[in-house]
Amino acid sequence: MRRPFKATAPVKEGPRSNLEIRVPKVQLIDAEGTNRGIVSINDALLLAEEAGMDLVEIVPHAEPPVCKITDLGKMKYQSQKKAAEARKRQKTIEIKEIKMRPNIDDHDYETKMKAARRFFDDGDKVKVTLRFRGREMAHMELGMKLLNRVREETTEIAKVEAEPKLEGRQMMMVLAPRA
């Protein structure tokens, strides 16, 4: 026999308001922002109803809890706007990859380094990947020499986050911009 689906109770987001506040006395701040002192919850609810607003719990862990007479919808709207603004301002750091071969020519190397500098200016991390093919595997020291050259040329603008390491036929190193 199948058990009936029992959904979890909905979790309320945001501060408690009006009848959800279940304490006998609260520290009340009215709509103008003046402190009314400690009053009973019934008196606070009556004052909020007279003002045509909501009684909102601002500091729930205080003794007694601090409540304010305010418009709950307006308060939620402002907090959503603030959160959206914070999300807009944050920068996501991406890892850009630059692939090279151990016997890369000077001009190609300069082009790749110009791209790496541009990535660092944008605030992104750069993963330098060296791919070895065929007999190049016998000359790992060329790869290490190339990665050390990259490290030396970027010391002013970047720091090494992951030292060069060999994984199969690839050697990798991660550089992060200096803050």
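## Reading sheets, helices and salt bridges

Trainee: What is the strand order in the open sheet of four strands with mixed pairing that contains strand 5?

Mentor: The order in that open sheet is 5-6-8-7, and its four strands show mixed pairing. This is a predicted model, where local features need pLDDT of at least 70, side-chain atom pairs count only at pLDDT 80 or more, and totals for chains, interfaces and linings use all residues. Residues are numbered from 1 along each chain as its sequence is written, and side-chain values use heavy atoms, with hydrogens and water left out.

Trainee: What counts as a strand, and what counts as a pair?

Mentor: Helices (H or I, at least four residues) and strands (E, at least two) are DSSP runs, numbered from the N terminus. Two strands pair if DSSP finds at least two bridges between them. In general, strands of a sheet pair through backbone hydrogen bonds, either parallel or antiparallel.

Trainee: Which are the edge strands here?

Mentor: Look at strand 5 (95-100) and strand 7 (158-167), since each of them pairs on one side only. Further in, strand 6 (residues 125-131) pairs with strand 8 (residues 170-177) in the antiparallel sense, over six bridges. Find Leu130 and you'll see Met171 of strand 8 standing opposite.

Trainee: Which strands does helix 3 touch?

Mentor: Contact means heavy atoms within 4.5 Å. Helix 3 packs on this sheet and touches strand 5, strand 6, strand 7 and strand 8. For directions, axes are lines fitted to C-alpha atoms (for helices over the stretch in contact), and angles run from 0 to 180 degrees between N-to-C directions. Helix 3 makes about 175 degrees with strand 5, while helix 4 runs at about 5 degrees to strand 8.

Trainee: What is the order in the sheet that holds strand 2?

Mentor: That one is an open sheet of four strands too, in the order 2-1-4-3 with mixed pairing. Its edges are strand 2 (35-40) and strand 3. On average, neighbouring strands in it are turned by 35 degrees against each other, direction ignored. Strand 1 and strand 2 pair in the antiparallel sense over five bridges, and Lys25 has Ser40 of strand 2 as its bridge partner.

Trainee: Where does helix 1 lie?

Mentor: Helix 1 (residues 41-51) lies across strand 1, strand 2, strand 3 and strand 4 (66-70), at about 125 degrees to strand 2. Helix 2 (residues 72-89) packs on the sheet as well, touching strand 3 and strand 4.

Trainee: How many salt bridges are there?

Mentor: A salt bridge is a side-chain nitrogen of Lys or Arg within 4 Å of a carboxyl oxygen of Asp or Glu. By that rule you get 13 salt bridges. Take Glu57 and Arg16, whose closest N and O atoms are 2.7 Å apart. This pair links distant parts of the chain, 41 residues apart: Glu57 is in strand 3 (residues 54-59), and Arg16 is in the segment before strand 1 (25-29).

Trainee: Is Glu57 buried or exposed?

Mentor: Buried means under 20% relative accessible area, exposed over 50%, and partly exposed in between (1.4 Å probe, protein chains only). Glu57 is at 4%, so Glu57 counts as buried. Arg16, at 38%, is partly exposed.

Trainee: Which residues are linked with Arg149 in a network of salt bridges?

Mentor: Asp106, Arg117 and Glu153 join Arg149 in that network. Arg149 meets Asp106 at 3.9 Å, N to O, and Glu153 at 3.5 Å. Arg149 and Glu153 are separated by about one helical turn, because they are four residues apart in helix 4.
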